[in-house]
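Dear colleague,

I am handing over the structure below, together with some notes on its aromatic rings. Please read the notes with the structure open beside them.

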Amino acid sequence: MFKEIKPSELSENVFDLIGKQWLLVTAAKPDGSCNTMTASWGGLGVMWNRDVAFLVIRPQRFTKEFIDSSDTLSISVLPDGYKKEYGYLGSVSGRDEDKIAKVGLTVVQDGSTPYFEEARIALVCRKLFAQPYDPEAFIDKQVDASCYPQKDYHTLYICEIEKVLVKE
């Protein structure tokens, strides 16, 4: 059972939450199909006087098609003990199989936004902004060289956090 809290009531260390615990970014296409991917880069903060999540998705990720075709997405944090599932969901493409079913996660919905019953935290978000990274904008050229050897630049998404759901 989930209860809704305000974004300001989320007491997690975001550096630990995103960089060490990891996240699942999930979205649905208009036909109802959904896909998810593991993320360990991003952020939470305030932009344009709104509580937001910052996400970056590489162009080859199948989940990007789902994010681009929807107004909303979710960010789920699973409880401890799911590193193997995170690893699988981050390395296997949903183009090739139903990876969500393969790892045994249960998709639930908030309106048309999918997230996972197993999550301990789920953020329901509405996209506000999307823009591909411009390689000319890198001030520190080493970041470009080390993180983008294939020149597969992320798209930055800024999404308003509409709901924070926490497991009771």
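Lysine 29 is placed over the face of phenylalanine 66, at 4.7 Å from the ring centre, and a second lysine, lysine 83, lies over the face of tryptophan 22, at 3.5 Å from the ring centre. Please keep in mind throughout that this is a predicted model.

Turning to rings that pair with other rings, the count comes to 9 aromatic pairs. One of them joins tyrosine 133 and tyrosine 148, whose ring centres are 6.4 Å apart and whose planes meet at 75°, so the pair is edge-to-face, given that an angle over 60 degrees counts as such. Tyrosine 133 belongs to the loop between β9 (121–132) and α5 (141–147), while tyrosine 148 belongs to the loop between α5 and β10 (155–167), so this contact ties together parts that are 15 residues apart in sequence. As for exposure, tyrosine 133 is partly exposed, with a relative accessible area of 29%, whereas tyrosine 148 is buried, with a relative accessible area of 2%.

Phenylalanine 138 and tyrosine 153 also form an aromatic pair, which is tilted, with 6.2 Å from centre to centre and 35° between the planes. This pair, too, links distant parts of the chain, since phenylalanine 138 sits in the loop between β9 and α5 and tyrosine 153 in the loop between α5 and β10, 15 residues apart. Both phenylalanine 138 and tyrosine 153 are buried.

Taken together, Tyr133, Phe138, Tyr148 and Tyr153 make up one aromatic cluster.

With best regards

Terms used:
Residues are numbered from 1 along each chain as its sequence is written. This is a predicted model: local features need pLDDT of at least 70, side-chain atom pairs count only at pLDDT 80 or more; totals for chains, interfaces and linings use all residues. Side-chain values use heavy atoms; hydrogens and water are left out. Rings of Phe, Tyr and Trp (its six-membered ring) pair if their centres lie within 6.5 Å; planes under 30 degrees apart count as stacked, over 60 as edge-to-face and the rest as tilted. Helices (H or I, at least four residues) and strands (E, at least two) are DSSP runs, numbered from the N terminus. Buried means under 20% relative accessible area, exposed over 50%, partly exposed in between (1.4 Å probe, protein chains only). A charge sits over a ring if NZ of Lys or CZ of Arg is within 6 Å of the ring centre and within 35 degrees of the ring normal.
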